Amino acid sequence: MSKKNKDFVEKVTAMEEDFSQWYTDVVKQAELVDYGPVRGTMIIRPYGYAIWENIQGEFDRQFKETGHTNVYFPLFIPESMLQKEKDHIEGFAPEVAWVTHGGDEELEERIVVRPTSEVLFGEYYSKNIHSYRDLPKLYNQWANVVRWEKTTRPFLRTSEFLWQEGHTCHATKEEAEHETRQMLDVYADVCENFLAIPVLKGKKTEKEKFAGAEYTLTIESMMHDGRALQSGTSHYLGTGFAEAFDIQYLDKEGKQQYVHQTSWGVSTRIMGALIMVHGDNRGLVVPPRVAPTQAMIVPIAQHKEGVLDKAYELRDRLKDIVRVDIDASDKMPGWKFNEYEMKGIPVRIEMGPRDIENNLVVLVRRDTGEKEFVAMDDLAERLPALLEEIQQHLYESALKHRENMTSVAKTMDEFKQILDEKGGFIKAMWCGNIECEEKIKEDTTATSRCIPFDQEHISDTCVCCGEKAKEMVYWSKAY
Ligand SMILES: [Zn+2]
């Protein structure tokens, strides 16, 4: 390996050494983001944005398949409108960015840069829903939101981020609750089958639920370092916003009724999960289904006659089957290998003069580093199958990691010992009191991640206070 190649590799800190630095290095070296000029903002670079667009595309496809329509609402919210729902404003006030001036003039009423858009949709729905015939309303918007964060990290916590927010209105509680669960299942499906990230599904505790919701459903995933990441949430809002914004409809019997609402969101945070679930010490690892480029052709000794022609010919043959690209630049092959490993491109296709003579190429998997020789004529069949194997392997590895990083605690001593020595998810019983939840957080910094739909009986008593337990909760340190 030349010195230049060696330097390139060394720019990524080993994750065992300093996970947080590893993350920062990968984000930078894989050319996903740069820091914006205002603290906590990020510039999403072409490669990062291409991955986000693919994620967006799959969510959007499933939203539409389940009957939703895209809309766009304004970035600005008048202060008085945000004040209308009490819990909501209390929850968001500490991280709101205010607009106080327009040009030189001080505004009569301060304006909020949206941290989320429940109130805007509430105001709109109150004007546009009159009868049961107007229901359900199934809207989604792709937008940016602003939350003034004190500590920030690319994708994981940024002052401005991209997301989608679904806002729906229904005639009955049953319909709205069905919607809340349906969208959580969509989120889980995209995470598991598209991003190869296994998730736990469950309900948030009262303390952790969305400000203004009746309850919040969540999917939680486990990162390489044993910390959890909330990867998507779906809220049943009940009639709280409908009452605050007077969203009523005339039912079939001619009676005025409040609508039942939901909201749900997934953000660019999911990019953080993608990096921290699949990445390794050589950089990013992108699952094939989401990868902007699934296979990169690297010609070897490309100055030799016929090599480049054959490489382009191969690309043209494969381009309708997989997302394939070719690097015919004059950089050394070793440099290219490192570059595409850093970017996590699932398969590298090497072809040199001797391979061409033998009508072969070499396929190199990014996830395991394994090489295989494949006859050129078999590639159209072998390559898609290999990509599928990689996709499955990434999911299974992540699931195995999560299982290894899940423990059971019956006492607080066990709880603390697990957190100190191993981290990961801890399954423990809970009495349902917020005091215990707060005490656990204070003593250990672990938070309740979810009350899983799949409950297990671990013991009869709360891990914290020893009183009668109500349910099992997953706890963890989290991003
Ligand atoms: Zn307790």
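Modeller: Before we look at any sheet, keep one definition in mind: two strands pair if DSSP finds at least two bridges between them. The model above is a predicted one.

Biologist: How many bridges join strand E17 to strand E18, and how do these strands run?

Modeller: As a general idea, the strands of a sheet pair through backbone hydrogen bonds, and the pairing is either parallel or antiparallel. In this structure, strand E17 (residues 347–351) and strand E18 (residues 360–365) run antiparallel and are joined by 4 bridges. If you want to find one of the partners yourself, start from Val-347, whose bridge partner in E18 is Arg-365.

Biologist: Which strands make up the sheet that holds E17 and E18, and in what order?

Modeller: That open sheet has 5 strands in the order E16-E15-E17-E18-E19, and its pairing is mixed. Strand E16 (324–326) and strand E19 (371–375) are the edge strands, each pairing on one side only, and from one strand to the next the twist averages 25 degrees. Helix H10 (residues 307–318) lies across strand E15 (295–299), E16 and E17, and runs at about 165 degrees to E15.

Biologist: What should I make of Arg-317, which is in helix H10?

Modeller: Arg-317 counts as partly exposed because it has 14 C-beta neighbours inside 10 Å, while a residue needs 20 or more to be buried. Arg-317 is also a good case for comparing sequence with space, since Leu-379 is 62 residues away along the chain and yet 9.5 Å away from C-alpha to C-alpha.

Biologist: Where are the edges of the sheet that contains E4, E5 and E6?

Modeller: Here 3 strands form an open sheet in the order E4-E6-E5, with antiparallel pairing. Strand E4 (76–78) and strand E5 (97–102) are at the edges with a single partner strand each, so one side of each has no neighbour in the sheet. On average, and ignoring direction, neighbouring strands of this sheet are turned by 45 degrees against each other. E5 and strand E6 (residues 105–113) run antiparallel and are joined by 5 bridges, and Val-99 has Ile-111 of E6 as its bridge partner.

Biologist: How do the axes of helix H3 and helix H7 cross?

Modeller: The axes of helix H3 (residues 46–65) and helix H7 (residues 173–194) come within 10 Å and cross at roughly 140 degrees, which means that H3 is oblique to H7. The crossing is right-handed. On the side of H3 the contact is made by Glu-58, Phe-59 and Gln-62, and on the side of H7 by Val-186, Asp-189, Val-190 and Phe-194. Sorted by kind, the residues of this contact are 4 nonpolar, 1 polar and 2 charged. When you look along such a helix, remember that an α-helix has 3.6 residues a turn, so residues three or four places apart point the same way.

Biologist: Is Ala-196, in the loop between H7 and strand E9 (200–203), buried or exposed?

Modeller: Ala-196 is buried, because 27 other C-beta atoms lie within 10 Å. Its backbone deserves a look too, as Ala-196 has a positive phi of about 60 degrees although it is not a glycine.

Biologist: Where is the cis peptide bond that joins Leu-135 and Pro-136 to be found?

Modeller: Pro-136 is in the loop between helix H6 (118–128) and strand E7 (137–146), and for the cis peptide bond between Leu-135 and Pro-136 omega is about -5 degrees.

Notes
Residues are numbered from 1 along each chain as its sequence is written. This is a predicted model: local features need pLDDT of at least 70, side-chain atom pairs count only at pLDDT 80 or more; totals for chains, interfaces and linings use all residues. Axes are lines fitted to C-alpha atoms, for helices over the stretch in contact, and angles run from 0 to 180 degrees between N-to-C directions. Helices (H or I, at least four residues) and strands (E, at least two) are DSSP runs, numbered from the N terminus. Angles under 35 degrees count as roughly parallel, over 145 as roughly antiparallel, 65 to 115 as roughly perpendicular and the rest as oblique. A crossing is left-handed if the near helix is turned anticlockwise from the far one by less than a right angle, and right-handed if clockwise. Two residues are in contact if their C-beta atoms, placed from the backbone, lie within 7 Å. Ala, Val, Leu, Ile, Met, Phe, Trp, Tyr, Cys and Pro count as nonpolar, Asp, Glu, Lys and Arg as charged, and the others, Gly among them, as polar. A residue is buried if 20 or more other C-beta atoms lie within 10 Å of its own, exposed if 12 or fewer, and partly exposed in between; C-beta atoms are placed from the backbone.
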